Amino acid sequence: FLLPASCSAAETQELGRHPPLSRLRNSNVMADPAPPMNFAAMAQKEAGETPLRSVQIDGQVLLKVLKHCKECMPSLVTGQLLGLDIGSTLEVTNAFPFPSESEDGGEADGANYQLEMMRCLREVNVDNNTVGWYQSTYLGSYQTVELIETFLNYQENIKRCVCLVYDPYRSSQGVLALKALKLTSTFMEVYRSGGVSAEALARSNISWQDIFEEIPICIANSTLHSVLMNEIETENSANQADFDRLVLSTNPYLEKNLEFLTECLDDLQAEQQKLSFFNRNQARQAQQQAQWLQKRRSENFQRRAAGEEPLPEEDPSNPIFKSLTEPSKLDSLLITNQINNYCSQINQFAGQGMEKLYLMQGLHTENP
């Protein structure tokens with residue numbers, strides 16, 4: 001994936017907490033000795049008290065995101081989401097795409113591009129507070145370690161950020177495949193503690209379902225947009241999405257899902273083999289340590305009988321006393337999440353395909 005480069009703490013604070021230009025122009029006439037708390041500080045304080053329950057996206061912003069993702073198919077793209085964090089709702093009021101790998105000169109140029117775009121938006125008094133990012137995916141293959149790392153980089157400065165994931169290929173089947181995701185707080189604590197081990201997961205009671213949290217999405221349009229859509233709406237109630245739902249060809253989509261599902265099962269089996277190999281090595285090491293300890297105690301018994309000083313029962317220089325590195329459970333959790341996603345897509349799409357086939361069978365029966 002082309003991941004967005006994170007801004008530094010000072011740059012993010014300067015871009016996200018700076019007051020609008022109208023407040024700067026009128027700041028000289030304010031005589032209050034105690035300056036009021038700015039909007040970003042108030043939103044951050046309120047965000048720490050109220051959990052995030054919904055993501056409200058402006059209709060025009062959603063069209064910009066869908067257009068960017070569809071035009072760049074089959075390449076995967078990403079972009080920045082701007083808006084406001086108000087109470088339990090995260091409002092997305094603007095967005096702009098990130099340059100592709102062929103257009104930018106590296107991570108530093110990508111970060112400079114983001115900062116320059118946000119400064120330009122601020123100069124025209126447009127919302128320039130970062131609330132997350134969007135990215136395209138192919139058949140829902142978005143649950144990766146890179147996505148988790150990007151979440152952690154964003155949440156160093158933005159406590160409540162989301163990632164909009166859009167699947168253009170899935171949407172071509174007549175369904176808007178759009179999700180708003182965020183990391184759960186319990187998983188972030190475990191991940192930041194130093195490793196996703198089996199002991200840490202058991203202690204925090206975390207399963208594969210507790211990594212990502214899907215936030216409900218609400219699409220909002222202004223009154224002028226609603227009036228315009230009513231004016232240009234045709235008498236024909238059917239649109240392209242309605243015709244896409246009637247396509248009977250399901251083989252390509254199901255084949256790709258089954259292919260990816262098989263690959264994920266192979267990856268999960270490889271992760272289980274790593275864990276089994278670690279358990280066998282751990283048991284073998286424990287057996288070697290017990291044998292060495294029994295031999296050392298026998299030697300110490302003979303040394304005491306001869307009036308000599310006993311040897312220590314632990315030898316850090318001995319390789320059998322070196323601790324083994326436990327494989328991380330993160331890959332297994334992500335692969336299990338991905339398998340569940342593929343199974344859900346296959347189940348949903350196969351059910352819709354069966355319904356369309358039964359419908360066509362009924363039409364042929366009535367009109368032979």
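In the predicted model, Asn-205 occupies the loop that links helix H9 (198-204) to strand E7 (212-215). The phi angle of Asn-205 is near 55°, a positive value in a residue other than glycine. Asn-205 counts as exposed, because its relative accessibility is 67% and the exposed class begins over 50%. A positive phi, about 55°, is also found at Leu-139, which likewise is not a glycine. Leu-139 lies in the loop between strand E4 (130-136) and helix H6 (145-155). Leu-139 has a relative accessible area of 0% and is therefore buried.

A further backbone feature is the cis peptide bond between Met-73 and Pro-74, for which omega is about 5°. Pro-74 belongs to the loop between helix H4 (59-71) and strand E2 (78-86), and at 79% relative accessibility Pro-74 counts as exposed. The C-alpha atom of Pro-74 is separated by 8.9 Å from that of Tyr-169, a residue 95 positions away along the chain.

The strands E2, E4 and E7 that border these loops are part of an open sheet of 8 strands, arranged in the order E7-E6-E5-E4-E2-E3-E1-E8 with mixed pairing. E7 and strand E8 (217-220) form the edges, each pairing on one side only. From one strand to the next, the twist averages 35°. Within the sheet, E2 and strand E3 (residues 89-97) run antiparallel and are joined by 8 bridges. Gly-79 has Pro-97 of E3 as its bridge partner.

Two of the helices that pack on this sheet are described here. H4 touches strand E1 (54-58), E2, E3, E4, strand E5 (162-166), strand E6 (178-183) and E8, and the direction of H4 makes about 45° with that of E3. H6 touches E2, E4, E5, E6 and E7, and its direction makes about 165° with that of E4.

H6 is also in contact with another helix. The axes of H6 and helix H8 (residues 185-192) come within 12 Å and cross at roughly 95°. H6 is therefore roughly perpendicular to H8, a term applied to angles of 65 to 115 degrees. On the H6 side, the contact is made by Val-145, Ile-148, Glu-149, Leu-152 and Gln-155, and on the H8 side by Phe-187, Met-188, Tyr-191 and Arg-192. Of the residues in this contact, 6 are nonpolar, 1 is polar and 2 are charged.

Side chains of opposite charge can pair when their charged atoms come close. A search of the whole structure finds 8 salt bridges. One of them lies in H4, where Lys-67 and Glu-71 are 4 residues apart, about one turn of the helix. Their side chains meet at 2.7 Å, N to O, and both residues are exposed.

Helix H12 (residues 251-305) contains Lys-256 and Glu-259, which are 3 residues apart, about one turn of the helix. These two residues form a salt bridge in which the closest N and O atoms are 3.9 Å apart. Glu-259 is partly exposed at 38% relative accessibility, and Lys-256 is partly exposed with a relative accessible area of 31%. Glu-271 and Lys-274 also lie in H12, 3 residues apart, and form a salt bridge with the closest N and O atoms 3.5 Å apart. Lys-274 counts as partly exposed at 46% relative accessibility, whereas Glu-271, at 12%, counts as buried because its value is under 20%.

Notes
Residues are numbered from 1 along each chain as its sequence is written. This is a predicted model: local features need pLDDT of at least 70, side-chain atom pairs count only at pLDDT 80 or more; totals for chains, interfaces and linings use all residues. Side-chain values use heavy atoms; hydrogens and water are left out. Buried means under 20% relative accessible area, exposed over 50%, partly exposed in between (1.4 Å probe, protein chains only). Axes are lines fitted to C-alpha atoms, for helices over the stretch in contact, and angles run from 0 to 180 degrees between N-to-C directions. Angles under 35 degrees count as roughly parallel, over 145 as roughly antiparallel, 65 to 115 as roughly perpendicular and the rest as oblique. Contact means heavy atoms within 4.5 Å. Ala, Val, Leu, Ile, Met, Phe, Trp, Tyr, Cys and Pro count as nonpolar, Asp, Glu, Lys and Arg as charged, and the others, Gly among them, as polar. Two strands pair if DSSP finds at least two bridges between them. A salt bridge is a side-chain nitrogen of Lys or Arg within 4 Å of a carboxyl oxygen of Asp or Glu.
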